[in-house]
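Me: I would like a close look at one part of this model: how its helices pack and what lies between them. Please keep it brisk and connected.

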Amino acid sequence: MTYTGQNKLELFTDNARVIKKEFTWQNTLTKRLAALLYALEGRTVDCDAIRMCLDLIKQNTGAFSTFRGKMALCVAALLSLSPNPQEVFSETLKVYDLLKGVKLRASDYLVLAAYQIASQSDASDYWNVVTRTRSFYDGMKARHFFNTGQDDYIFTAMLGLTDLDAAAGVERIEQLYSRLKGEFWGKNSVQALAQVLVLGESDVSIANRVLVLRDTLRAQKIKLDKTYTLPVLGILAMLPVEIDTIVRDIGVVQGTLR
């Protein structure tokens, strides 16, 4: 592992310990995600800034708002890392309303989708991205009615932020899905994997690299082909790095964290 990678790993573990102590009642995985967000920025976690952003969320949303749900700590951490949390949150609320306006249902997933769009696009492009997000969602819903749901909002927002044609993108997702559905359990997870993969390679041959990476990881007793980690396997497969290097680094990180 590189020096930078080792440094961020140590920063993540330190951040995780601090957040665990400071936010006792928050979900464990959400706390770790917040710790990771800070580590990826090369920063020590600022719990006071996160609390201020949690207060910002509470002051601008109702008691039963999805913004106060299980991902509130994650959203607060993201806001606290921005130079102007108030502005970013205000824009996120605008996008959230636009997403609900195209009949996407309120949920924690929609909150994160709104943040993605608000933080990664200009205000003048919000409507275009929102309608594209809906188009990708509708395209997948038409093909896989029971597999496509609120957990796809984040992926469709990612696709909406690209310049990929919606019809062509959905067709590529379907090709990848058809290639991979017999290799993994859980059709919903395979669909999420296909959505991630279409963000990168234009050729469905990326599916072969996913399978090689899966098998190489399994040989080292590392299983990333489970329900909630399958999209991560896709992200790793798209890295411009040799598979043996990816597997070796994951093993080192896993051993250190344990």
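Reply: Axes here are lines fitted to C-alpha atoms, for helices over the stretch in contact, and angles run from 0 to 180 degrees between N-to-C directions. The model is predicted.

Start with α3 and α5. Helix α3 covers residues 47-59 and helix α5 covers residues 85-101. Their axes lie 11 Å apart, at an angle of about 40 degrees. That angle makes α3 oblique to α5, because roughly parallel requires an angle under 35 degrees. The crossing of the two is right-handed. On the α3 side, the contact uses Cys53, Leu56 and Ile57. On the α5 side, Pro85, Gln86 and Phe89 meet them. By class, this contact holds five nonpolar residues, one polar and no charged.

Now α7 and α8. Their axes are 8 Å apart, and the packing angle is about 125 degrees. α7 is therefore oblique to α8. Here too the crossing is right-handed. From α7 come Val129, Arg132, Thr133, Phe136, Tyr137 and Met140. From α8 come Tyr153, Thr156, Ala157, Leu159 and Gly160. The classes in this contact are seven nonpolar, three polar and one charged.

Next, the core. In soluble globular proteins, nonpolar side chains tend to be buried together. The largest nonpolar core in this model has 49 residues. Those with the most contacts inside it are Ile50, Leu79, Val95, Leu99 and Ile117. The elements giving two or more residues to this core are α1 (3-22), α2 (28-40), α3, α4 (72-80), α5, α6 (108-120), α7 (126-143) and α8 (153-160). Both helix pairs described above are thus among its contributors.

Take Ile117 as an example. Neighbours within four places in sequence are set aside. Ile117 is then in contact with Val95, Leu99, Tyr126, Val129, Val130, Thr133, Ala157 and Leu161. Of these, Val129, Thr133 and Ala157 also take part in the contact of α7 with α8.

Another core lies apart from the largest one. This other core has 32 residues, among them Val210, Leu211, Leu224 and Ala237. Ala237 is also one of the buried residues of α12. The others are Leu230, Pro231, Leu233, Gly234 and Leu236. Helix α12 (residues 230-237) has six of its eight residues buried, so it is largely enclosed by the rest of the structure. The cover over those buried residues includes α8, α10 (187-197), α11 (206-219) and α13 (243-257). Helix α8 thus has two roles in this account: it packs with α7, and it helps cover α12.

Key: Residues are numbered from 1 along each chain as its sequence is written. This is a predicted model: local features need pLDDT of at least 70, side-chain atom pairs count only at pLDDT 80 or more; totals for chains, interfaces and linings use all residues. Side-chain values use heavy atoms; hydrogens and water are left out. Helices (H or I, at least four residues) and strands (E, at least two) are DSSP runs, numbered from the N terminus. Angles under 35 degrees count as roughly parallel, over 145 as roughly antiparallel, 65 to 115 as roughly perpendicular and the rest as oblique. A crossing is left-handed if the near helix is turned anticlockwise from the far one by less than a right angle, and right-handed if clockwise. Contact means heavy atoms within 4.5 Å. Ala, Val, Leu, Ile, Met, Phe, Trp, Tyr, Cys and Pro count as nonpolar, Asp, Glu, Lys and Arg as charged, and the others, Gly among them, as polar. A nonpolar core is a set of buried Ala, Val, Leu, Ile, Met, Phe, Trp, Tyr and Cys residues joined through side-chain atoms within 4.5 Å. Buried means under 20% relative accessible area, exposed over 50%, partly exposed in between (1.4 Å probe, protein chains only).
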